[in-house]
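Let's take a friendly walk through a protein model, one piece at a time. Keep the picture open beside the text as you read.

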Amino acid sequence: MLIDQHVAHERILFDKYRKCETERSIESQNLLLPETIDLSPAQSEAFSLIEDDLESLGFGTMRLSGRTIAIKSIPTDLPPSEARNLFSEILDTIEAEKKGGAKSTFRDDIAASLACKAAVKINMKLTPEKMRWMIDRLLITTSPTTCPHGRPVILRLSMKDIERGFHRT
Ligand SMILES: [Zn+2]
């Protein structure tokens with residue numbers, strides 16, 4: 001079995017965020033310098049829709065004037081350097097989905113984007129301990145075989161597949 005470490009971590013974080021959100025127990029960190037972002041009209045509309053959801057996922061935001069907002073705090077797992085990109089990604093996703101989108105879908109979208117940005121990258125070297133931690137945690141998630149976007153996390157290779165690859169059958 002081959003496990004994709006990025007999507008495995010994504011699944012673990014996604015489940016954690018959804019759970020913490022329900023229990024209102026997300027930890028957040030204050031940014032040294034608040035990030036200010038100028039939103040487009042569409043992004044600003046999307047922001048109004050999900051302001052509460054962002055808050056329950058650990059984002060502290062403030063509207064400054066017009067379409068400018070400040071991000072004051074972010075969830076602890078998220079590298080601060082990713083905050084700005086993540087924000088525009090989330091707002092663009094919500095903007096594209098807002099027609100007919102349900103509240104719970106929005107929350108899943110936000111949690112999925114957040115999990116993606118906070119997860120280890122595919123080329124990051126992991127220690128054996130971290131790998132074991134990841135596999136143990138993955139197996140107790142709601143869906144260990146698929147990531148929040150629906151991609152496979154685990155690839156099974158049978159002996160047959162391997163033999164076929166070497167043209168032995
Ligand atoms: Zn991802």
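## The hairpin and its sheet

Strand 3 and strand 4 are joined as a hairpin, with four residues between them, and in the turn Gly 66 has a positive phi of about 55°. Please keep in mind that this is a predicted model.

How many bridges link strand 3 and strand 4? They pair in the antiparallel sense over four bridges. One position to find is Arg 63, whose bridge partner in strand 4 is Ile 69.

Now look at the sheet as a whole. It is an open sheet of three strands in the order 2-4-3, with antiparallel pairing. Strand 2 (28-38) and strand 3 (60-63) are the edge strands, since each of them pairs on one side only. From one strand to the next, the twist averages 15°.

On its other pairing, strand 4 (residues 68-75) joins strand 2 in the antiparallel sense over seven bridges. Two positions help you to trace this pairing. Ile 37 has Ile 69 of strand 4 as its bridge partner, and Thr 36 stands opposite Ala 70 in strand 4. In a regular strand, side chains alternate between the two faces of the sheet.

Helix 3 (residues 83-97) packs on this sheet and touches strand 2 and strand 4. The direction of helix 3 makes about 60° with that of strand 2.

## A residue in the loop

Where is Arg 67 placed? Look in the loop between strand 3 and strand 4. Is Arg 67 buried, exposed or partly exposed? A residue is buried if 20 or more other C-beta atoms lie within 10 Å of its own, and exposed if 12 or fewer do. Arg 67 has 15 C-beta neighbours inside 10 Å, so it counts as partly exposed.

Leaving aside neighbours within four places in sequence, Arg 67 is in contact with Asp 38, Leu 39, Pro 41 and Ser 44. Thr 22 gives another point of reference: Arg 67 and Thr 22 are 45 residues apart in sequence and 29 Å apart in space, C-alpha to C-alpha.

## How the helices pack

Two packed helices are described by the angle between their axes and the distance between the axes. Here are two pairs from this model.

| Helix pair | Angle | Distance between axes |
|---|---|---|
| Helix 1 (residues 5-23) and helix 4 (residues 103-118) | about 135° | 8 Å |
| Helix 3 and helix 4 | about 150° | 10 Å |

Take helix 3 and helix 4, with their angle of about 150°. Angles over 145 degrees count as roughly antiparallel, so helix 3 is roughly antiparallel to helix 4. Helix 3 passes helix 4 in a right-handed crossing. Leu 86, Ile 90 and Ile 94 of helix 3 are among the residues making the contact, and on helix 4 they include Phe 106, Ile 110 and Leu 114. The residues of this contact divide into six nonpolar, three polar and four charged.

Helix 1 and helix 4 pack at an angle of about 135°, which makes helix 1 oblique to helix 4. Helix 1 passes helix 4 in a right-handed crossing. Among the residues making the contact are Leu 13, Phe 14 and Tyr 17 of helix 1, and Ala 111, Leu 114 and Ala 115 of helix 4. What kinds of residue make up the contact of helix 1 with helix 4? They divide into nine nonpolar, no polar and four charged.

Key
Residues are numbered from 1 along each chain as its sequence is written. This is a predicted model: local features need pLDDT of at least 70, side-chain atom pairs count only at pLDDT 80 or more; totals for chains, interfaces and linings use all residues. Axes are lines fitted to C-alpha atoms, for helices over the stretch in contact, and angles run from 0 to 180 degrees between N-to-C directions. Helices (H or I, at least four residues) and strands (E, at least two) are DSSP runs, numbered from the N terminus. Angles under 35 degrees count as roughly parallel, over 145 as roughly antiparallel, 65 to 115 as roughly perpendicular and the rest as oblique. A crossing is left-handed if the near helix is turned anticlockwise from the far one by less than a right angle, and right-handed if clockwise. Two residues are in contact if their C-beta atoms, placed from the backbone, lie within 7 Å. Ala, Val, Leu, Ile, Met, Phe, Trp, Tyr, Cys and Pro count as nonpolar, Asp, Glu, Lys and Arg as charged, and the others, Gly among them, as polar. Two strands pair if DSSP finds at least two bridges between them.
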